[in-house]
Amino acid sequence: MRKEIGKTEILASSSGWLAFLLNSFPGVGTGYIYQRRWFPYFLNIGASTIWFFLGIYVLRGNEPTNNQKIIGLLGFLLISIITSMESLLAHKRALKIIKEESNNSNIKDKKKKSWFSK
């Protein structure tokens, strides 16, 4: 009988450092695609899009100053740092859950047998 693979198993089987690296590119969120986590991916794309259009709205067709350019880049950098750390932490949480589940199943399998039990 084949067991259905859940989201936790998929996330735990992915590479944490690769998801971290892929999410470090600002505004792309490819680490979430790699981990098959669609809701955080769309949140990442949404935050990047909002940040981009907020910059366009603030400038209103004017040429950006050097400070405004730096602020724009720092915003995208902040988004990438947050998403990179979150993907790494989610991977570690999934590994912990899988480890706890395997320990619980090993405990059930090693049930103490007595002389009179079946």
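**Notes on the predicted model: H5 and its surroundings**

1. Let me start with Ser84. Once its neighbours within four places in sequence are set aside, Ser84 is in contact with Phe20, Asn23 and Ser24 (contact means heavy atoms within 4.5 Å). The residue sits in helix H5 (helices are DSSP runs of H or I with at least four residues, strands are runs of E with at least two, and both are numbered from the N terminus). Ser84 counts as buried, because its relative accessibility is 3% (buried is under 20% relative accessible area, exposed is over 50%, and partly exposed lies in between, using a 1.4 Å probe and protein chains only).

2. A word on what we're looking at. This is a predicted model, where local features need pLDDT of at least 70 and side-chain atom pairs count only at pLDDT 80 or more, while totals for chains, interfaces and linings use all residues. Residues are numbered from 1 along each chain as its sequence is written, and side-chain values use heavy atoms, with hydrogens and water left out. The protein chain has a mean pLDDT of 86, and 85% of its residues reach 70 or more (pLDDT is the predictor's confidence in each residue, from 0 to 100). Among the elements of the chain, helix H1 (residues 7-13) has the lowest mean pLDDT, 86, and H4 has the highest, 94. The usual caveat: where pLDDT is low, the predicted coordinates should not be read in detail.

3. Back to Ser84, for its polar contacts (pairs of N or O atoms within 3.5 Å; within protein, one must be able to donate a hydrogen and the other to accept it, and residues adjacent in sequence count only if both atoms are side-chain atoms). The Ser84 side chain reaches the backbone oxygen of Phe20 at 3.2 Å. A polar atom of that side chain also lies 3.2 Å from the backbone oxygen of Asn23.

4. Ser80 is worth viewing alongside it. Ser80 is found in helix H5, and with a relative accessible area of 3% it is buried. Not counting residues up to four places away in sequence, Ser80 touches Asn23, Ser24, Phe25 and Pro26. A polar atom of the Ser80 side chain lies 2.8 Å from the backbone oxygen of Leu77.

5. Next door in sequence, have a look at Ile81, which also has its place in helix H5. Ile81 counts as partly exposed, since its relative accessibility is 44%. Its C-alpha is 8.4 Å from that of Pro26, although the two residues are 55 apart in sequence.

6. Now the surface. Phe20, Ile70, Leu74, Leu77, Ile81 and Met85 make up a nonpolar patch there, with about 530 Å² of accessible area together. Patches take residues with over 30% relative accessible area and no salt bridge, joining like charges within 9 Å and nonpolar side chains (Val, Leu, Ile, Met, Phe, Trp, Tyr) within 5 Å; areas are from the Shrake-Rupley method with a 1.4 Å probe, and for residues only the protein chains shown count as cover. Helix H5 (residues 66-109) gives the most to this patch, with five residues. One of the patch members, Leu74, lies in H5 and counts as partly exposed at 49% relative accessibility.

7. The salt-bridge count comes to two (a side-chain nitrogen of Lys or Arg within 4 Å of a carboxyl oxygen of Asp or Glu). The side chains of Arg37 and Glu86 meet at 2.8 Å, N to O. Arg37 is in the loop between H3 and H4 and Glu86 in helix H5, so this pair ties together parts 49 residues apart in sequence. Arg93 pairs with Glu86 as well, at 4.0 Å, N to O, and Arg37, Glu86 and Arg93 are thus linked in a network of salt bridges. Arg37 is buried, with a relative accessible area of 15%, whereas Glu86 is partly exposed at 25%.

8. Finally, two backbone oddments. Arg36 has phi near 60 degrees, a positive value in a residue other than glycine. Its place is in the loop between helix H3 (30-35) and helix H4 (38-59), and Arg36 is exposed, with a relative accessible area of 56%. Arg60 isn't a glycine either, yet has a positive phi of about 50 degrees. Arg60 belongs to the loop between H4 and H5 and is exposed, with a relative accessible area of 60%.
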